[in-house]
Amino acid sequence: DRQRAVHVANLVVAVRGEGAAELEHVAGAHVGHVASLHDEVGLDPVEGIEQATGLRLDLKWPNDVYVNGRKLGGILVEVPKNQPSRLVIGVGLNVHNSVQDAPKELQSRMISLCDLTELRFSRSQILARVLEQLRSDLSSLVFDLPKLAARWRSLCFLTGRTVTLHDGVRTIAGACQGIDDDGALRIYTEFGPQRCLGGSIQSYE
């Protein structure tokens, strides 16, 4: 018997790490599948928000939602260790929390929907759009992965940029060549092409 639940919070006071840290939480799951899940799930907030607001957004691999070069939100996909048959998807979005009210050290890196338009959006409306898109796309992950892969490649914020990535073991630097069908980030380094299924982006330019 499948059970589904949605929990909504007005304020997030703590978040998990990204990249290599995330892969520790997906015990028993194939890393390539988790990477593709991050990219696919990242599509849903992006496309849901675009439909609700008319804004043009990007995905910053592996799990950030960007607009105009600033972070609008983030995504975490987790398979609980004690319930490996379940999938937990966390999505955080800046909706009504203005940059003006953020700590000084974050103001140049973040953005909120209320800063991008004079319209005041309903969080319930945005949530409904995201959930509707998520339900549709999760089935596509099984039956039409190439179509999803083409979509997340078109939204990749890092493509064409020089990036530095750390995967918990090594640091990789080079030109980002986009995202593979299985969700891996492709980086062309001085030693040739590299595929990264997990990791944290340390810098980009």
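Trainee: Why does arginine 195 count as partly exposed?

Mentor: This is a predicted model, so the value is computed from its atoms. Arginine 195 has 42% relative accessibility. Buried means under 20% and exposed means over 50%, with partly exposed in between. Because 42% falls in between, arginine 195 counts as partly exposed.

Trainee: What makes arginine 195 and aspartate 182 a salt bridge?

Mentor: Their side chains meet at 2.7 Å, N to O. The cut-off is within 4 Å, so the pair qualifies. Side chains of opposite charge can pair when their charged atoms come close.

Trainee: Why does this pair tie together parts that are 13 residues apart in sequence?

Mentor: Look at where the partners lie. Arginine 195 is in strand S8, residues 192-196. Aspartate 182 is in the loop between S6 and S7. The pair therefore joins that strand to that loop.

Trainee: Which residues are joined into one network by salt bridges that share partners?

Mentor: Asp180, Asp182, Arg186 and Arg195. As for exposure, aspartate 182 has a relative accessible area of 26%, so it is partly exposed.

Trainee: How many salt bridges does a search of the whole structure find?

Mentor: Nine. One of them joins arginine 151 to glutamate 47 at 2.3 Å, N to O. That pair links distant parts of the chain. Arginine 151 sits in helix H5 and glutamate 47 in helix H2, 104 residues apart.

Trainee: Is glutamate 47 buried or exposed, and how do you know?

Mentor: Glutamate 47 has a relative accessible area of 13%. The limit for buried is under 20%, so glutamate 47 is buried.

Trainee: What makes aspartate 167 and arginine 170 a salt bridge?

Mentor: Their closest N and O atoms are 3.0 Å apart. That is within 4 Å, so the definition is met. Aspartate 167 has a relative accessible area of 23%, so it is partly exposed. Arginine 170, at 37% relative accessibility, also counts as partly exposed.

Trainee: Turning to rings, how many aromatic pairs are there?

Mentor: Two. In one of them, the ring centres of tyrosine 66 and phenylalanine 157 are 4.8 Å apart.

Trainee: Why is that pair called tilted?

Mentor: The centres pass the test of within 6.5 Å. The planes stand at 40°. Under 30 degrees would be stacked and over 60 edge-to-face, so 40° makes the pair tilted. Tyrosine 66 lies in strand S2 and phenylalanine 157 in the loop between H5 and S5, 91 residues apart. Both tyrosine 66 and phenylalanine 157 are buried.

Trainee: What makes the pair of phenylalanine 157 and tyrosine 204 edge-to-face?

Mentor: The planes stand at 85°, which is over 60, so the pair is edge-to-face. The ring centres are 5.3 Å apart. Tyrosine 204 belongs to strand S9, residues 200-204, so the pair ties together parts that are 47 residues apart in sequence. Tyr66, Phe157 and Tyr204 form one aromatic cluster.

Trainee: How do you know whether phenylalanine 157 is buried or exposed?

Mentor: Its relative accessibility is 8%. That is under 20%, so phenylalanine 157 counts as buried. Tyrosine 204 has 31%, so it counts as partly exposed.

Trainee: Now the core. Which residues touch the most other members of the largest nonpolar core?

Mentor: Leu158 and Leu185, in a core of 39 residues. Elements that each supply at least two residues include H4, strand S3 (70-78) and strand S7 (185-189). The largest share, four residues, comes from H2. Leucine 185 touches residues beyond four places away in sequence, among them Trp61, Leu158, Cys176 and Ile201.

Trainee: Which residues form the nonpolar patch on the surface?

Mentor: Val6, Val8 and Leu131, with about 270 Å² of accessible area together. Leucine 131 is found in helix H4, residues 123-143.

Trainee: Why does leucine 131 count as partly exposed?

Mentor: Its relative accessibility is 34%. That lies between 20% and 50%, so the label is partly exposed. Patch members need over 30%, so leucine 131 meets that condition too.

Trainee: What is the overall make-up of the protein chain?

Mentor: Five helices and nine strands. Buried residues make up 42% of the 205 residues. The chain exposes about 11,600 Å², and carbon and sulfur atoms supply 50% of it. Among contacts between residues at least 6 apart in sequence, 55% join residues at least 24 apart.

Methods: Residues numbered from 1 in each chain as written. Predicted model: local features only at pLDDT ≥ 70, side-chain atom pairs only at ≥ 80, totals over all residues. Heavy atoms only, no water. Patch = residues over 30% accessible without salt bridge, like charges linked within 9 Å, V, L, I, M, F, W, Y side chains within 5 Å. Areas by Shrake-Rupley, 256 points an atom, 1.4 Å probe, with all protein chains shown as cover. Buried < 20%, exposed > 50% of the residue type's maximum accessible area, 1.4 Å probe, protein only. Core = buried A, V, L, I, M, F, W, Y, C linked by side-chain atoms within 4.5 Å. Contact = heavy atoms within 4.5 Å. Phe/Tyr/Trp six-rings, centres within 6.5 Å; stacked < 30°, edge-to-face > 60°.
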